[in-house]
Amino acid sequence: MSGLNTLLERAIQVRADLLGRLQAEGTDCWRVFHGVAEGRPGLAVDRYGPLLLVQLFHGDLEPEDLHALEGLAEGMGLRLVLWHRGQGRGAAECHGRRRIEEVDFGLTCCEEGQRFAIAQRSPGLDPWLFLDFRAARRWLRAHVPAEASVLNLFAYTCSAGVSAARQGAEVWNVDFGGWCLEIGSRNRELNGLDPERFHFWREDVFPILWQLSGKGVRGRAAQRPYLRVEPRLFDVVILDPPTLARSPFGKVDLVADYPAMLKPCLLALRPGGRILATNHAAGVDREAWEQVLRRTAEKAGRELLALEFLAPEEDFPSPDGQPPLKIAVLSAG
Ligand SMILES: C[S@@+](CC[C@H](N)C(=O)[O-])C[C@H]1O[C@@H](n2cnc3c(N)ncnc32)[C@H](O)[C@@H]1O
């Protein structure tokens with residue numbers, strides 16, 4: 001196995017063109033080293049503005065690996081931050097998770113000139129900006145016009161919502177995570193977006209989607225308290241769910257039941273509108289997922305006017321041409 005120093009040098013060479021473009025467009029966050037595809041599974045190294053964030057998903061770092069990473073951080077003029085995310089470590093020990101009141105809100109990174117909050121320590125497990133999703137945020141900035149209404153489901157820190165609002169669109173961000181939406185509010189401020197046109201619905205996605213799409217909340221779910229919203233149609237829906245998650249209202253399972261998420265999105269979409277949808281499940285290949293998308297549109301009675309796929313950018317290489325993150329843009333009549 002090559003030493004980490006050699007692998008890091010190779011990764012930097014491979015990204016030379018991308019880094020030139022990122023710098024020119026005002027982006028200072030990217031995946032420096034994607035270990036799973038570049039020779040060190042379990043290790044990911046990201047630049048986020050002033051931080052070099054190293055995530056170790058299993059195992060431990062050898063002293064010479066740590067030395068290589070310290071040298072890299074020093075050479076790039078960045079602060080090295082190490083998150084151990086391995087199994088067997090408690091959540092708190094994992095990377096020194098912090099309550100939201102204790103998080104330093106001062107740090108930011110930039111993507112295409114938009115600013116996003118980042119953290120050395122977080123109440124959650126993940127960084128606040130997912131770098132493999134850059135291709136989707138880039139599409140949103142370029143393609144969502146000022147007059148559009150946008151529904152951002154599973155909004156997390158609202159980075160997709162902020163990107164969609166670049167040209168002035170009105171955005172509704174939905175997530176049941178309170179602290180995530182607090183970061184979303186910070187991201188709104190950082191980009192000077194109008195609070196009257198950037199909304200937060202802190203709620204489970206299921207009851208919101210059922211109500212928006214006109215189906216309503218039925219059965220036992222209706223006995224629970226939930227945020228009431230009126231049915232309405234959107235020009236753009238962003239559907240970027242976790243692969244597997246349970247809530248009192250339902251189950252997100254992108255392998256077994258993608259239509260449970262996609263169908264109500266289609267029903268909440270204005271004719272001619274677009275859905276930016278993702279599937280992170282590594283076990284689902286692009287062709288199989290495409291069939292699911294097509295069948296779901298048909299069953300929902302919506303003609304697919306166009307379907308295109310966005311590939312993650314070069315800092316997320318996938319030697320087999322099957323990146324785990326699949327991103328589709330559907331246009332429905
Ligand atoms: C992988 S993140 C989504 C990433 C996000 N779309 C982005 O652009 O960065 C998953 C998010 O889904 C939220 N979530 C999971 N299940 C949910 C549900 N049933 N209702 C609302 N939010 C949910 C979590 O709180 C978390 O913020």
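The following legends describe close-up views of a predicted model. Residues are numbered from 1 along each chain as its sequence is written. In this predicted model, local features need pLDDT of at least 70 and side-chain atom pairs count only at pLDDT 80 or more, whereas totals for chains, interfaces and linings use all residues.

**View A. Surroundings of the ligand.** Of the 18 residues around the ligand, those that come nearest are Phe154, Tyr156, Gly177, Val205 and Asp240 (a residue is near a molecule or strand if its C-beta atom, placed from the backbone, lies within 6 Å of it). Two or more residues of the shell are given by each of helix H7 (159-164), helix H9 (205-212) and strand E11 (244-247); helices (H or I, at least four residues) and strands (E, at least two) are DSSP runs, numbered from the N terminus. The shell comprises 12 nonpolar, 3 polar and 3 charged residues (Ala, Val, Leu, Ile, Met, Phe, Trp, Tyr, Cys and Pro count as nonpolar, Asp, Glu, Lys and Arg as charged, and the others, Gly among them, as polar).

**View B. The open sheet E1-E2-E3-E4.** The 4 strands of this open sheet follow the order E1-E2-E3-E4 with mixed pairing, where two strands pair if DSSP finds at least two bridges between them. Strand E1 (29-34) and strand E4 (79-84) are the edge strands, each pairing on one side only. E1 runs antiparallel to strand E2 (residues 43-48), to which 5 bridges join it. Cys29 stands opposite Tyr48 in E2.

**View C. Packing of helices H1 and H4.** Helix H1 (residues 4-14) packs against helix H4 (residues 63-76) at an angle of about 35°, with the axes 9 Å apart (axes are lines fitted to C-alpha atoms, for helices over the stretch in contact, and angles run from 0 to 180 degrees between N-to-C directions). Leu4, Asn5 and Leu8 of H1 meet Asp65, Ala68 and Leu72 of H4 in the contact, defined by C-beta atoms, placed from the backbone, within 7 Å.

Terms used
Two residues are in contact if their C-beta atoms, placed from the backbone, lie within 7 Å.
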